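Hi,

Here is the structure I promised to pass on. Have a look at it first, and then read my notes below.

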Amino acid sequence: MTQANIRPISGRTRANWIRLRTMILLRWVAIIGQLVAITVAQVMFGLQLALSLCYFAVGVSIIGNLIATFVFPENKRLTERENLGMIMFDLLQIAFLLYLTGGLNNPFSLLLLGPVTISATALSLRSTVLLCTTAIVLVSVLGFSYLPLINGEGEVLKIPALFIFGQWTALLIAIIFTSAYSRRVTSEVHSMGDALAATQMALAREQKLTDLGGVVAAAAHELGTPLATIKLTSSELLNDLKDQPELAEDAALIRDQADRCRDILRDMGRAGKDDLHLRHAPLEAVVAEAAEPHVDRGINVIRQHAPHHDGARDQPTIQRKPEIIHGLRNLIQNGVDFARETVWIETDWSDRFISVRIIDDGPGFPPDVIGRIGDPFVRQRKVSRIMGARPEYEGMGLGLFIAKTLLERSGAQLRFANGPEHPLTGAVVEVIWPVSQLVIKTPAQTGPLGENQRITA
């Protein structure tokens with residue numbers, strides 16, 4: 001089952017999730033800090049500042065916050081452009097205050113990193129590049145253009161030119177590194193969140209299909225006896241009504257329609273298995289169900305169900321979990337997608353472990369990407385390079401990620417490799433479960449199955 005309809009959420013969409021109230025609260029914190037810094041610098045240290053311009057810059061922020069608070073509702077979500085505008089305003093306001101208070105001689109010049117970091121974590125790449133470029137320009141201007149800091153004795157407070165250059169260099173490096181680091185980490189977190197959401201969607205869909213199959217199978221089981229009675233009765237009536245063609249025709253119609261109902265329920269309940277054994281099945285049956293959608297795609301799918309060592313017990317009965325079926329199905333699909341002619345599915349079991357190996361005769365995994373197999377949202381150009389044998393293949397790594405996540409959730413360990421034992425062997429994927437994680441121990445059935453049980457979970 002492909003995941004082509006699942007796409008990651010773009011950074012531009014995420015930028016629309018930020019509430020105006022959040023930005024307003026952050027700006028109030030900045031405003032309070034600026035007022036405290038200006039007051040302390042003047043009262044405690046006696047610095048001669050352009051107070052009118054300083055308070056004007058802070059006052060503009062206050063007015064903007066008040067307008068945003070009273071005009072817009074608290075639950076308003078900002079668009080990408082609105083977020084960019086607010087963060088750009090904060091960056092320019094901080095730069096203007098630094099211009100009035102010594103430029104890069106002011107230790108508070110580090111505050112320029114704040115808007116850049118917020119942009120890298122919340123906005124799109126284009127907006128982040130624009131903010132970083134603006135910040136670099138502002139830092140460069142503040143290195144040589146500013147109003148000097150003057151203390152109460154009229155002395156100009158400044159640091160040596162060499163330290164100014166060092167401050168400028170450090171800020172430029174910090175702007176680039178902080179934005180790149182923050183964006184990389186945030187993108188990784190977002191990608192993993194999207195992939196896990198897609199995994200939950202796939203598991204929920206598989207669970208719905210399993211439950212639906214179980215309901216259909218239960219209906220088929222319950223209706224089997226009434227349909228058999230109808231068929232038997234109609235057949236007896238057909239024999240008794242040979243001398244009455246019109247009634248005999250009606251009896252034959254009833255018999256044929258009963259057969260039709262039986263066939264329909266049988267076809268609909270194929271995926272449901274037996275209703276009383278819906279939650280556990282033999283290992284071979286679970287693997288066959290996972291492989292079923294891909295057996296008629298022009299590739300030979302060969303299943304081998306036998307232990308490869310002496311002393312193994314009979315085939316185990318395992319939990320028929322949706323995550324196991326869906327995970328194996330994705331791995332089998334991947335093998336069929338890239339196989340030349342044949343895919344082998346080998347099962348093995350012992351008293352301690354149960355394993356399923358999926359082998360294809362395709363080109364195999366490139367050695368440089370084996371360690372990254374299962375990472376979500378591989379870019380299309382990476383897919384084309386990695387899966388060069390099939391450049392038309394469209395995928396983002398979600399299929400293998402979902403398979404790996406679901407199977408590990410069931411207690412399995414996965415190993416990806418290339419098969420060296422045969423020239424035609426390509427990729428090899430091995431899934432191994434501890435017996436305690438997978439095998440169901442049920443008491444032997446000594447009597448008839450009886451009435452179907454209600455589903456309780």
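**Strands, a surface patch and cysteines**

Strand β7 and strand β9 (residues 427–434) run antiparallel and are joined by 7 bridges. One pair to look for there is I358, which stands opposite V429 in β9. Before you go further, keep in mind that this is a predicted model.

β7 has another partner too: strand β6 (residues 342–349) pairs with β7 in the antiparallel sense, over 7 bridges. A hairpin of 3 residues takes you from β6 to β7. If you want a pair to click on, try E346, whose bridge partner in β7 is R357.

So how many residues of β7 are buried? For this strand, which spans residues 353–360, the count is 6 of 8, and that makes β7 mostly covered.

Now for the surface. I63, L66, I67, F70, V71 and F72 form a nonpolar patch there, and together they have about 630 Å² of accessible area. F70 sits in helix α3 (residues 51–71). Is F70 buried or exposed? It counts as exposed, because its relative accessibility is 70% and the cut-off for exposed is over 50%.

Last, the cysteines. C54 has 0% relative accessibility, so it counts as buried. C132 is buried as well, with a relative accessible area of 11%, since buried means under 20%. As for disulfides, the structure holds 0 of them. A disulfide, as a reminder, is a covalent bond between the sulfur atoms of two cysteines.

Cheers

How values were computed: Residues numbered from 1 in each chain as written. Predicted model: local features only at pLDDT ≥ 70, side-chain atom pairs only at ≥ 80, totals over all residues. Heavy atoms only, no water. Disulfide = S-S within 2.5 Å. Buried < 20%, exposed > 50% of the residue type's maximum accessible area, 1.4 Å probe, protein only. Helix = DSSP H or I, 4+ residues; strand = E, 2+ residues; numbered from the N terminus. Pairing = 2+ DSSP bridges. Patch = residues over 30% accessible without salt bridge, like charges linked within 9 Å, V, L, I, M, F, W, Y side chains within 5 Å. Areas by Shrake-Rupley, 256 points an atom, 1.4 Å probe, with all protein chains shown as cover. Salt bridge = Lys/Arg side-chain N within 4 Å of Asp/Glu carboxyl O.
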